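Me: I've got a model open and want to talk through its empty spaces, one helix and a few ring pairs. Can you take my questions one by one?

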Amino acid sequence: MHAVEFQEYGGPEVLRVVAVEVPEPGPGQVSIEVAYAGVNFADLKARAEGYRVPQLPFRPGLEVSGRIRAVGAGVEGLRPGQEVAALTDGGAYAETVVAGAATVFPLPPGVDLRTGATLPTVLPTAHALVHEVGRLRAGETVLVQGAAGGIGTVVGQLAKAAGAGAVLGVVSDASKAGHARAHGYDEVFVGPDFGEEVRRATGERGVDLALDPVGGETFRRGMDALAVFGRLVSFGNASSAAPWQVGQPELYPRGHAVAGFSILALAQTAPEALRALAGRAFRTVAEGAVELPVTAEFPLAEAAEAHRLLGSRRSTGKLLLRVG
């Protein structure tokens, strides 16, 4: 079979198509004939910085849709030929991939394979940010970094459906503002210096919930934008800044709270909680409450072009690799 891997860290050009043996599932695993693979910012960080890379060579990719090829010993509730979406521990840029059964999800009725590839990382993450971790209540104001990206696109819709008083978004380029407004955002700010605009939009009050995948100075600006009793949820470090630290001096004066979320970490530490979360999130798509548009699609052999587009910060919505 064919797969995409890199043997050294660097730019998109280090991605290579290679011929490798078809993997077989071990106990508690299934193998999947891949139809589509999602492209995520974590894949770019793996290629450029070694993020979550145990050794080289390495095949990137964290999510797929496809049909089950084979099931390993001890797997129940999954069968060959079944259409599924799956969260993988790398290796998704391939014609066949192996995944732990706990992170393989049968597609809901009415959800096709192309849509299914958008679900494994984005939908549960967005649902957790709004509900399980962010605990957004009706009437509250939410501020979202990366409002036009995959997660931001879904968060805007979920926050609006949850009755948010105002959904405010931050994008890196003015060309993305229209996409964000079309997916639930009431106001969209461009660039990293959003503090004054947030104060104006909230009548100097600040926001009840801030969602940050960037880290570094953006994390600090998000903290500064919180209202009294406001919460910030960190769910990434796209800036590659040093890990954030907060303590009593930052939290006590205005009753602030900081939480974190990583779907990859949850998959390792609490897979059953992830399955329940994914079930709730996937239903929002099956019921038509949420959509995540695929805005660009590349064949597997052009994975480097997908990385270039995502790395340019010009993309919106979801990017996919077409495999099978």
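Me: How many cavities of 30 Å³ or more does the count come to?
Reply: This is a predicted model, where local features need pLDDT of at least 70 and side-chain atom pairs count only at pLDDT 80 or more, while totals for chains, interfaces and linings use all residues. Residues are numbered from 1 along each chain as its sequence is written, and side-chain values use heavy atoms, with hydrogens and water left out. On a 1 Å grid over the protein atoms alone, a cavity is a set of points where a 1.4 Å probe fits but cannot get out, whereas a pocket is an open set with protein on both sides within 12 Å along at least five of seven lines; lining residues have an atom within 4 Å of a point. By that rule, the cavities of 30 Å³ or more come to one.

Me: Which element gives the largest share of the lining of the largest cavity?
Reply: The cavity holds about 90 Å³ (the space filled by probe spheres set on grid points, joined across faces, edges and corners). Its lining includes Ala42, Asp43, Ala46, Phe58 and Leu264. With helices (H or I, at least four residues) and strands (E, at least two) taken as DSSP runs numbered from the N terminus, the largest share, three residues, comes from α1.

Me: What is the make-up by class of the largest pocket's lining?
Reply: That pocket has about 1300 Å³ of space. It is lined by 43 residues, with Phe41, Ile151, Pro213, Phe235 and Ala238 nearest its centre. Count Ala, Val, Leu, Ile, Met, Phe, Trp, Tyr, Cys and Pro as nonpolar, Asp, Glu, Lys and Arg as charged, and the others, Gly among them, as polar. The lining then has 21 nonpolar, 18 polar and four charged residues.

Me: Which element gives the most to the lining of the second largest pocket?
Reply: This one has a volume of about 400 Å³. Of its 20 lining residues, Thr88, Asp89, Gly90, Val98 and Ala99 are closest to the centre. Two elements give two or more residues, β6 (96–100) and α9. The one giving the most, with five residues, is β6.

Me: How many of the 12 residues of α4 are buried?
Reply: Helix α4 runs over residues 150–161; at 1.5 Å times one less than its number of residues it should span 16 Å, and its end C-alpha atoms are 17 Å apart, which agrees. What covers its buried residues (contact meaning heavy atoms within 4.5 Å) includes α3 (122–132), β8 (141–145) and α10 (271–286). Buried means under 20% relative accessible area, exposed over 50%, and partly exposed in between, using a 1.4 Å probe and protein chains only. On that scale the buried residues of α4 number nine.

Me: How many aromatic pairs does the structure hold?
Reply: Rings of Phe, Tyr and Trp (its six-membered ring) pair if their centres lie within 6.5 Å; planes under 30 degrees apart are stacked, over 60 edge-to-face, and the rest tilted. Ring pairs link Phe6, Tyr9 and Phe58 into a cluster. The total is four.

Me: Is Phe105, which pairs with Phe282, buried or exposed?
Reply: The pair is edge-to-face, 5.5 Å centre to centre with 85° between the planes. It links strand β7 (residues 104–106) to helix α10, 177 residues apart. Phe282 has 4% relative accessibility and counts as buried. At 5%, Phe105 is also buried.
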